[in-house]
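Reader: Hi! I'm in my first year and still learning to read these pictures. Could you pick one part of this structure and take me through it slowly, then show me how the rest fits around it?

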Amino acid sequence: MPVSRISGSGPIYNLHSDDTTFGPFSQVILATPAPISASILPRTRGFLPIRKALKTFRYVPVLVVTHTDPSFIPTAPSLQRDLHFQRCIQSPQAKSCKGMVESTHILHYRSPYLRSSQAFQTTNPLRLPRKETILSQTWFERYLPSLESVRMTREIFSELAQGREGIWFVGSWLGEGIPLLEGCVESAEGVVERMMSHVV
Ligand SMILES: Cc1cc2nc3c(=O)[nH]c(=O)nc-3n(C[C@H](O)[C@H](O)[C@H](O)COP(=O)(O)OP(=O)(O)OC[C@H]3O[C@@H](n4cnc5c(N)ncnc54)[C@H](O)[C@@H]3O)c2cc1C
């Protein structure tokens with residue numbers, strides 16, 4: 001049930017969805033993507049700079065296709081690795097893929113359990129696998145770091161914004177480097193440690 005807004009001010013908050021209200025809570029941890037967090041934060045003056053900072057975190061759509069089409073990896077087994085990258089080669093037919101890089105993960109490369117399936121996962125495909133080989137395809141939104149958003153992470157979200165009036169932030173967009181699950185764990189641990197230091 002998506003939360004559409006948070007009302008109140010520290011230390012009493014209520015969370016609202018389209019048809020339900022949850023609360024009251026004295027502490028709220030937002031594990032939502034940065035733009036969603038910006039849209040649901042309380043509309044009080046104190047959160048204005050945080051909402052502005054959250055808006056510098058841009059997300060891009062990413063298509064992921066799981067398939068069994070071997071034409072996405074080299075045919076020679078000696079050239080096969082976990083991950084294969086393919087840059088867009090400019091041609092009149094491929095103008096729209098300028099700057100794009102596709103990656104194909106051989107899912108069975110290190111897993112004996114998957115070896116018989118010969119399955120691949122291609123992210124940002126420059127062309128689609130053959131239709132009959134597609135097992136699933138999904139669009140995701142992924143955080144794309146920029147110099148500005150990395151600066152915001154360091155200057156605002158590592159300390160200043162955390163726990164301010166009882167609102168906390170966690171997610172991959174707060175981790176160092178490439179946005180991965182590691183960043184979620186790292187930021188969640190940071191929040192727990194800071195919360196505990198307030199309690200003890
Ligand atoms: C295709 C793909 C493959 C990946 N593979 C890997 C991998 O192999 N290893 C790895 O480490 N990382 C991988 N990642 C990256 C990793 O999945 C993400 O970095 C991570 O999931 C981001 O976590 P997050 O908590 O920041 O955001 P999310 O996982 O996006 O979590 C945000 C949550 O907020 C919820 N939400 C959104 N809006 C609202 C709302 N209004 N109210 C309430 N809830 C809301 C969403 O439902 C979601 O559960 C992959 C990402 C993609 C897209």
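Author: Sure, let's take helix 3, and begin with its outward side. The face of helix 3 turned away from its buried side carries Leu147, Glu148, Arg151, Arg154 and Glu155, and these residues are exposed. Keep in mind that this is a predicted model.

Now for the other side. Helix 3 spans residues 147-157, and its buried residues are Met152, Thr153 and Phe157. Around the axis they cover an arc of only 100°, which puts them on the same side of helix 3.

Next, zoom out to the domains. The protein chain is divided into domain 1, made of 5-56 + 146-199, and domain 2, which is 62-141. Taken over C-alpha atoms, the centres of domain 1 and domain 2 are separated by 35 Å.

Let's look at the sheets now. As a bit of background, strands of a sheet pair through backbone hydrogen bonds, either parallel or antiparallel. One open sheet here has 3 strands in the order 1-2-3, with antiparallel pairing. Strand 1 and strand 3 (21-25) stand at its edges with a single partner strand each, so one side of each has no neighbour in the sheet. On average, neighbouring strands of this sheet are turned by 15° against each other, direction ignored.

You can trace one of those pairings by eye. Strand 1 (residues 5-9) and strand 2 (residues 12-16) are joined in the antiparallel sense over 5 bridges. They form a hairpin, with 2 residues between them. Try finding Ile6, which stands opposite Leu15 in strand 2. Then find Ser9, whose opposite residue in strand 2 is Ile12.

There is also an open sheet of 5 strands, in the order 6-7-8-5-9, and its pairing is antiparallel. Its edges are strand 6 (83-87) and strand 9 (134-144); each has a single partner strand, so one side of each is left without a neighbour in the sheet. From one strand to the next, the twist averages 20°. Strand 5 (residues 58-67) runs antiparallel to strand 9, and 10 bridges join the two. Within that pairing, Thr66 stands opposite Ser136 in strand 9.

Strand 7 (residues 101-106) belongs to this sheet too, and Ser103 lies in it. Is Ser103 buried, exposed or partly exposed? Ser103 has 15 C-beta neighbours inside 10 Å, so it counts as partly exposed. Ser103 and Ile73 are 30 residues apart along the chain, while their C-alpha atoms are separated by 9.6 Å.

Finally, have a look at the ligand. It is surrounded by 20 residues, and the closest are Phe140, Gly171, Ser172, Leu180 and Leu181. Helix 1 (34-40), strand 5, strand 9 and helix 4 (181-199) are the elements that give two or more residues to this shell. Helix 4 gives the most, with 3 residues. Sorted by class, the shell has 14 nonpolar, 4 polar and 2 charged residues. Domain 1 and domain 2 each supply at least three residues to the shell, and that brings us back to the two domains we met earlier.

Definitions and conventions. Residues are numbered from 1 along each chain as its sequence is written. This is a predicted model: local features need pLDDT of at least 70, side-chain atom pairs count only at pLDDT 80 or more; totals for chains, interfaces and linings use all residues. Two strands pair if DSSP finds at least two bridges between them. Helices (H or I, at least four residues) and strands (E, at least two) are DSSP runs, numbered from the N terminus. Axes are lines fitted to C-alpha atoms, for helices over the stretch in contact, and angles run from 0 to 180 degrees between N-to-C directions. A residue is near a molecule or strand if its C-beta atom, placed from the backbone, lies within 6 Å of it. Ala, Val, Leu, Ile, Met, Phe, Trp, Tyr, Cys and Pro count as nonpolar, Asp, Glu, Lys and Arg as charged, and the others, Gly among them, as polar. Domain bounds come from an automatic or database domain assignment. A residue is buried if 20 or more other C-beta atoms lie within 10 Å of its own, exposed if 12 or fewer, and partly exposed in between; C-beta atoms are placed from the backbone. The arc is that of the directions from the helix axis to the C-beta atoms.
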